[in-house]
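The following exercises are to be worked through with the sequence and the structure at hand. Each task is followed by a solution in steps.

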Amino acid sequence: MSIPRFRTSINDYLEGLPEPVLIRLYYSPATCLAIFRLLPAMAQLFIMTMLFNDKPLAATDLNDWVQDGSTPKQYEALEKLRGMHLIKESQGTLSLQKTFRAGLRNALTGGDHNNSFGIPCNTEDKHRVDIKFLDEHANNQWELILHFMVGTDTGKVPNNGVLSLLRHSGLMEGSTPSNMRITNAGFQFLLQDVNAQIWTLLLQYLNMSEDLQMDAVEVLHFLFMLGSLELGQDYTLVALSPTQKIMLDDLRDYGIVYQRKSSSRRFYPTRLATTLTSDTGALLTASASMDSAISQKERETGFVILETNFKVYAYTDSPLQIAVLNLFVHLKSRFVNMVAGQISRESVRKALSNGITADQIITYLTVHAHPQMRKSIPLLPPTVVDQIRLWQLEMERMKIVEGYLYSDFSSKNEYDIIAGYAHDLGVMAWEKPNKRMFFVTKEGNQQIVDFVRRKVHGGV
Amino acid sequence: MNAVDGSSHVPQVGFASELEEELPSLLVLILDTSPLGWGAQSPPISLHDAVASLLIFVNSHLALNHSNEAAVIASHTNCIKYLYPVAGEDYGASAPKSTATSGTESSEEMITNGQSNGDNGTLNDASMYRQFRVVNESVMKQLDLLLLGTSASDIEHNGTISDTTLISGALSTALAYINRLVGGVNDNGPKVRARIMVVSVCSDLASQYVPIMNCIFAAQKMKVPIDICKIGNDTVFLQQAADTTGGVYMHLEHPRGMIQYLMTAFLPDRALRKHLVIPTQSSIDFRAACFCHNRIVDIGYVCNICLSIYCQPPADGSCAICDTIFDPKELADLLKKPVVVTTNVPKNKAKKKKKKDSDATPNFTPGP
């Protein structure tokens, strides 16, 4: 479930960018392609329809094309496209943003000359490294950071760049390496899978880079390019801008790229980089499992057994895993190769009050389940899963929705028309027909206002 | 509290609809490469232009989702050929995503021949996303090989020149490929959504009636839709294929605008089609081909044992499929020319559509 979360976060970041910055982003075909992949399926289809069509598309055509019951999806897709400034609207017609259109066309037809997909090195590397080495390197670098966060004594401390990023992102607090402590946000971070963790850090890196006067566009170009590179291939530094070379140093510390030494003229992306823009674990066929090999490795060596009586047995001696389990399990005994404990109301409430959600706990238990557990369907005992969710519901008696209240309708008919429209768009949050009042979400308000102007006031 | 029950919150089950949206899809493109078929199309569209459009279409499909996969199969006059992925080729090795071989092996292989790839000017080109480039170059190269290896004798069938193509072979290969990729997934894991798309230019497929129908039913059972992109004359069996499997059937009115048809009608995958108004044909040609001469028949004779279809009563008095011996008397009746009868009750037994009511005289009666 980490993928939707990552998507929304990177999407939110992109949507928050001002239009001129976004348009500069669209100059790179690799970025266009990566951004295209982040969009909902319906939005992708709309883009594809307009991509090779020189005439603008009439907005009413879309209404005819989409099934009546799916209007909320259409609305959501268009909203997304507007948010990213990907479409231009004029007089009831839609057309694609010109730069994006050119960029995506180039990506699909190979007509690009910006080298946005990275230039492989054309000379032989005397110190060529293989994929196994790259995987190990990436794993070691990444685990070093995680171990540091939980305070394992490994004798090594990550570089200053990593430390300041951890501090800046609020995952840890404290001024010197010796007194840095993990925060609640940090614990939540540990529960995510690797891909989501990397994106969390990279988004923080983006925020930080703005403070350091680095150009966000170049940073994003580089990140999206990394996602399109190939594992095991070496790439030359020639085409990189000065900003991107600085980034390379930082990314090396995270294990996202490998460079033998900082003066080297080439770099290798590791698996952490090449899976940046992919859905790891979405496809578990033999061929694609390579992509998610890192998260896969954990899956194969799953170690947690959860019983219906809420007892947990974890076959691990890794301080990192034990520290993570300790977040929501009341650990009782420890042996050489395993720990045993119990999930209780108190232990889960403690985790919940630290901001960890029930879903995160359940996902963690699912991902790390022992092979023995995998034989049973459903994987986790439903009693435990339900109970964890119930404990969360105990804490969430209220749900807050930002939005606007509509009231004082002059007639029942008027109320019905507008409330019906809000239903169609899927933005209705609450309604009370006998008092002629309803409440729509913040995002949907503008649509309703337009509709009221058009239908009610325009008609009279 | 009703919201919390075991069934809807176990991840594999509860998020099924969400996962359904996120599932990667596999597109198997079958390209009809019959030289005569394409020759008949020009000037509206040449094979070259069509392939250019199709490659962009395949790229777009791969662009939709990182894990999407594609395969391209050429259906030639007398053989079929994988255009992508190609076993044992460099392209295949450097694209571990789309071959069914173990990813580790092929990636390592890539490392060893990485340098030779580096020497290859086109593969080294940074202007295109690697996955796209691998597919495009493989398709172009294999297509060249295929067409160069085609001689005049390949077009001949039983001494006559015809524009036929091995669609049935291509369909069964595609289904086998899909079965291999999708079937390899364990029960817990998510599946790949697969679909087949046929680009067809040939109109005469009557000789492959039985194998094509078998493929259609297999596809229906596997829940694989078959989309048909038809250039030139409509083809009977392909209409049925799209109709039976719930695929899109589209006859290109203006083949030069092929790319727009592809992008709009054929790109959405199964999950998205639920939300769209899909182009289908309003009237479907349900005619069948006879088993004896492969003619498409409007009205035929049906063996009452095995339901084989004949355009005329078999000469040797027995069913060619199940060897049932028909009653010679009945056969003789069927072979009778319609007699002009002066009475008001016409006795015309020879023309009976497909299956008759049980109380009526059967077309054939099995022998003792």
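**Exercise 1. Describe an annotated region of chain A and place it beside the domain assignment.**

Step 1. Over residues 386-453 of chain A, helix makes up 49% and strand 21% of the chain, and the C-alpha atoms at the two ends are 47 Å apart. This is a predicted model.

Step 2. UniProt, in an unreviewed entry, gives residues 386-453 of chain A the feature "domain: Transcription factor Tfb2 C-terminal".

Step 3. The domain assignment of chain A lists domain 1 (2-109), domain 2 (131-274), domain 3 (301-395) and domain 4 (403-459). Between the centres of domain 1 of chain A and domain 3 of chain A, taken over C-alpha atoms, there are 41 Å.

**Exercise 2. State how the two domains of chain B meet.**

Step 1. Chain B is divided into domain 1 (15-273) and domain 2 (288-368).

Step 2. The contact involves 4 residues of domain 1 of chain B and 5 residues of domain 2 of chain B.

Step 3. On the side of domain 1 of chain B that touches domain 2 of chain B, 3 residues are nonpolar, 1 is polar and none is charged.

**Exercise 3. Determine whether strand β2 of chain B is enclosed, and identify its partners.**

Step 1. Strand β2 (residues 69-75) of chain B is largely enclosed by the rest of the structure, because 7 of its 7 residues are buried.

Step 2. B:Glu69, B:Ala71, B:Ile73 and B:Ser75 point one way from β2(B), while B:Ala70, B:Val72 and B:Ala74 point the other way.

Step 3. Strand β1 (residues 25-32) of chain B pairs with β2(B) in the parallel sense over 7 bridges. Within this pairing, B:Ile30 stands opposite B:Ile73.

Step 4. The pairing of β2(B) with β3(B) is antiparallel, over 4 bridges, and the two strands form a hairpin with 4 residues between them. B:Ala74 has B:Lys81 in β3(B) as its bridge partner.

**Exercise 4. Find the edge strands of a sheet in chain A.**

Step 1. The open sheet has 3 strands in the order β6-β8-β7 (chain A), with antiparallel pairing.

Step 2. β6 (235-236) and β7 (257-258) of chain A each have a single partner strand, so one side of each is left without a neighbour in the sheet.

Step 3. β7(A) pairs with strand β8 (residues 266-269) of chain A over 2 bridges. A:Tyr258 stands opposite A:Tyr268 in β8(A).

**Exercise 5. Compare the span of helix α11 of chain A with its expected value.**

Step 1. Helix α11 (residues 194-211) of chain A has 18 residues. From its first C-alpha to its last it reaches 26 Å, close to the 26 Å expected at 1.5 Å a residue.

Step 2. Buried residues of α11(A) include A:Trp199, A:Leu202 and A:Tyr205.

Step 3. Just after α11(A), A:Gln213 takes a positive phi of about 65 degrees.

**Exercise 6. Examine unusual backbone geometry.**

Step 1. Most residues other than glycine have a negative phi, and most peptide bonds are trans.

Step 2. A:His85 has a positive phi near 55 degrees and lies in the loop between α6 (71-83) and β2 (87-90) of chain A. A:His85 counts as buried because it has 20 C-beta neighbours inside 10 Å.

Step 3. B:Asp323 has a positive phi near 60 degrees, in the loop between β12 (309-310) and α16 (328-335) of chain B. With 9 C-beta neighbours inside 10 Å, B:Asp323 counts as exposed.

Step 4. The peptide bond from B:Tyr84 to B:Pro85 is cis, with omega near -10 degrees. B:Pro85 is found in the loop between β3 (80-84) and α6 (90-93) of chain B.

Terms used. Residues numbered from 1 in each chain as written. Chains lettered and ligands numbered in written order. Predicted model: local features only at pLDDT ≥ 70, side-chain atom pairs only at ≥ 80, totals over all residues. Domains from an automatic or database assignment. Contact = placed C-beta atoms within 7 Å. Nonpolar A, V, L, I, M, F, W, Y, C, P; charged D, E, K, R; others polar. Buried ≥ 20, exposed ≤ 12 C-beta atoms within 10 Å, placed from the backbone. Pairing = 2+ DSSP bridges. UniProt positions renumbered as here; feature names shortened; annotations may be inferred. Expected span 1.5 Å × (residues − 1).
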